[in-house]
Amino acid sequence: MSAYPEVTQCYYVTGSADFILVVNTGSMEEYGAFTERAFFPDKNIKSFSTYVSMQTVKFTTRINLDVS
């Protein structure tokens, strides 16, 4: 996924999914084109689910290092 500029975050996770991607495109048409390039040709990808963010409720990259 590192080769795709649309992918801004990629996490290898446990649970029902293997990876979680954060993908940024300008439209759903662009997202569809991305999936056709990135997912469909890869025989290791059996399925994927898409969740669309309707609104950012909270976003931060701050990590609280105060251990007191």
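This report describes selected residues, aromatic pairs and the largest pocket of a predicted model.

## Helix α1: T35 and Y31

Helix α1 spans residues 28-38, and T35 is found within it. The relative accessible area of T35 is 5%, and because buried means a value under 20%, T35 counts as buried. Its side chain reaches the backbone oxygen of G32, at a distance of 2.8 Å. When neighbours within four places in sequence are left aside, the residues in contact with T35 are F40 and F48.

Y31 also has its place in helix α1, and with a relative accessible area of 15% this tyrosine is buried. Not counting residues up to four places away in sequence, Y31 touches V23, T25, F39, F48 and T50. With T50 there is, in addition, a polar contact from side chain to side chain, at 2.8 Å. The two residues stand 19 residues apart in sequence, and their C-alpha atoms are 10.0 Å apart in space.

## E6 and its partner R37

E6 belongs to the segment that comes before β1, the strand of residues 7-12. Although glutamate is a charged residue, E6 counts as buried, at 15% relative accessibility. Its side chain makes a polar contact with the side chain of R37, at 2.5 Å.

Once neighbours within four places in sequence are set aside, E6 is in contact with V22, V23, N24, T25, F34 and R37. Of these residues, V22 and V23 fall in β2, which covers 19-23, while F34 and R37 fall within the 28-38 range of helix α1.

## Aromatic pairs

A search of the whole structure finds 6 aromatic pairs. One of them joins F39 and F48, whose ring centres lie 4.6 Å apart with an angle of 55° between the planes, so that the pair is described as tilted. F40 and F48 form another tilted pair, with 6.2 Å from centre to centre and 40° between the planes. F39 is buried, at 8% relative accessibility, whereas F48 is partly exposed, with a relative accessible area of 34%.

Ring pairs link Y4, Y31, F34, F39, F40 and F48 into a cluster. Several members of this cluster also appear among the contacts described above: F39 and F48 are touched by Y31, F40 and F48 are in contact with T35, and F34 is in contact with E6.

## The largest pocket

The largest pocket holds about 1,200 Å³ of space. Its lining is made up of 32 residues, and those closest to the centre of the pocket are F19, I20, L21, V22 and S49. By residue class, the lining divides into 17 nonpolar, 11 polar and 4 charged residues.

As for the elements involved, β1, β2 and α1 each supply at least two residues of the lining. The largest share comes from β2, which provides 5 residues. V22, one of the residues closest to the centre of this pocket, is also one of the contacts of E6.

## M54, after the helix

M54 lies in the segment after α1. In contrast to the buried residues described above, M54 is exposed, with a relative accessible area of 77%, a value that lies over the 50% needed for that class. Along the chain, 33 residues separate M54 from L21, and their C-alpha atoms are 16 Å apart. L21 is itself among the residues closest to the centre of the largest pocket.

Note on methods
Residues are numbered from 1 along each chain as its sequence is written. This is a predicted model: local features need pLDDT of at least 70, side-chain atom pairs count only at pLDDT 80 or more; totals for chains, interfaces and linings use all residues. Side-chain values use heavy atoms; hydrogens and water are left out. Helices (H or I, at least four residues) and strands (E, at least two) are DSSP runs, numbered from the N terminus. Buried means under 20% relative accessible area, exposed over 50%, partly exposed in between (1.4 Å probe, protein chains only). A polar contact is a pair of N or O atoms within 3.5 Å; within protein, one must be able to donate a hydrogen and the other to accept it, and residues adjacent in sequence count only if both atoms are side-chain atoms. Contact means heavy atoms within 4.5 Å. On a 1 Å grid over the protein atoms alone, a cavity is a set of points where a 1.4 Å probe fits but cannot get out, and a pocket is an open set with protein on both sides within 12 Å along at least five of seven lines; lining residues have an atom within 4 Å of a point. Grid points are joined across faces, edges and corners, and a volume is the space filled by probe spheres set on the points. Rings of Phe, Tyr and Trp (its six-membered ring) pair if their centres lie within 6.5 Å; planes under 30 degrees apart count as stacked, over 60 as edge-to-face and the rest as tilted.
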